[in-house]
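Here's a friendly walk through a protein you may be seeing for the first time. Have a look around before reading on.

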Amino acid sequence: MKKNFFNNLFEYKEQDEYEFILPKTANNINLEEFDKKDTHTVSPDLKKNLDYLKVKFNMLINSDIKIREFTISIKPKKYSAFIIYIDGMVSGTAINDFILKPLLLKNSIKMKAESTEIIQKKLLNFNLEKFLYANLIPQNSINAEKELEKIVSNINAGFCVLFVDTLDTAIAIETKGFEGRSVAEPVTETVVKGSHEAFVENLRTNTSMLRKIINNENLIIEESTVGSISNTKVAICYMKNITNDDLVAEAKYRINNLEIDSLLSSGQLEQFIKDSAKTSFPQTISTERPDKTCNYLLEGRVAIIVNGSPFSIILPAVLVDFLYSPEDINLDYNYTNFLRTLRFFALCSALLLPGLYIAITTYHCELLPSELLFAIIAAREAIPFPVFFEIIIMELSFELIQEASIRVPSSFSTTVRNYWCINFR
């Protein structure tokens, strides 16, 4: 009885009948006809382009896809047009001031009092696309697109796209204006001496910070798209005159040949491009500091920045890199060498000390002084576990404390700490 109850509670059962029916047409447009037709390029018929985009972006259920239809009046003709954009990803001020106002208010060709023949010749030589580029769109970044798939990608990236009747080309206008986190101090890497700026989630902001530090034309930033669904932008950064060409080619090969549906963070990309997934040793370096990234770039490394992630990936990584701190370049070289030596001994102690403790206390007790041996025996007298399990429990406790300090909300952890101090101090 209990088994059937839990099976009915958690088991998924397919339904043959539903209370709602999805119509085969959307906005009086047959979806099957669009699949059969060749809709890979922009059509001179404005209505076909409008119908295709309405179906492509699911206009019946999508609330943030905006289409603004209007008429461009270029004497003595009038052209129907529309713009399409995603609300929240564009700047409304840019669309109003640099697209709609020029097209609607300042788009009349004032003909002088000339003969009818001269006017007819001007109209015959009139090129609407060139006129839009040269006179009616005062925006700094525009490009013509003929492929509808590229147009859809531009719209998803925050562009506003203009379609005009009789033109087989659409004009993609950059009007990005989505909100993002401002540049702040690093959270995971403490800064003693050096830049207090950290990467943010905006790809272009991150690349501009690298350009601000390295004022050199040999800094190359190539963009690639990863993920068949997410279409995540990835920037590959390197110094052209310093970095090994084979290293750059290998990095671009591994990134461009990823066959995945989505990429959401730099941590995912690290797992996809590293040499072996079986080893637990890190093969790349992850940092949120632009100055540290630039230092590695000047050493001939390759940096990879993922849009939406405030971390950069440095590759390749060697053991010495994990004993290095960005603050070392701000200190005297003698003191820096001392700190690196100290870090090396700390690394050896962290790796070998638990094993040495088990070996000495279990099998080689004679190596310990008598006072220290008696102190250890007295401390472990009430512990019912062997030394090996004691070390395992200690390591797991450290991991649990670290995980709790990251995952538990700060307000809750503060309350528990205060309660502990009041009642058990």
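## A word on pairing

Two strands count as a pair if DSSP finds at least two bridges between them. Strand 4 (residues 159-164) and strand 5 (residues 170-174) clear that bar: they pair in the antiparallel sense, over four bridges. Keep in mind that this is a predicted model.

## The big picture

Let's zoom out for a moment. The protein has 425 residues, and 33% of them are buried. It contains 15 helices and ten strands. Look at the contacts with a separation of 6 or more, and you'll find that 61% of them link residues 24 or more positions apart.

As for the outside, the accessible surface comes to about 28,400 Å². Carbon and sulfur atoms account for 56% of that area.

## The five-stranded sheet

Now for the sheet that strands 4 and 5 belong to. The sheet is open, with five strands in the order 1-2-4-5-3 and antiparallel pairing. Strand 1 (65-74) and strand 3 (142-145) are the edge strands, so named because each pairs on one side only. Going from one strand to the next, the twist averages 25°.

A helix joins in here too. Helix 7 (residues 148-156) packs on the sheet and touches strand 2 (77-86), strand 3, strand 4 and strand 5. The direction of helix 7 makes about 140° with that of strand 4.

## Strand 5 and its neighbors

Which residues of strand 5 are the bridge partners of valine 161 and leucine 162? Valine 161 is matched with alanine 172, and leucine 162 with isoleucine 171. Strand 4 and strand 5 form a hairpin with five residues between the strands. In that hairpin, threonine 166 takes a positive phi near 80°.

Strand 5 also runs antiparallel to strand 3, and four bridges join the two. In this pairing, glutamate 145 has alanine 170 as its bridge partner. Is strand 5 enclosed or open to the outside? Four of its five residues are buried, so strand 5 is largely enclosed by the rest of the structure.

## A nonpolar patch on the surface

Over to the surface for one last stop. Ile383, Phe385, Phe388, Phe389, Ile392, Ile393 and Leu396 make a nonpolar surface patch of about 640 Å².

Take leucine 396, one of the patch residues. Leucine 396 is found in helix 14 (residues 387-407). Is leucine 396 buried or exposed? Its relative accessible area is 51%, and exposed means over 50%, so leucine 396 counts as exposed.

How values were computed:
Residues numbered from 1 in each chain as written. Predicted model: local features only at pLDDT ≥ 70, side-chain atom pairs only at ≥ 80, totals over all residues. Heavy atoms only, no water. Patch = residues over 30% accessible without salt bridge, like charges linked within 9 Å, V, L, I, M, F, W, Y side chains within 5 Å. Areas by Shrake-Rupley, 256 points an atom, 1.4 Å probe, with all protein chains shown as cover. Salt bridge = Lys/Arg side-chain N within 4 Å of Asp/Glu carboxyl O. Buried < 20%, exposed > 50% of the residue type's maximum accessible area, 1.4 Å probe, protein only. Axes fitted to C-alpha atoms, helices over the stretch in contact; angles between N-to-C directions. Contact = heavy atoms within 4.5 Å.
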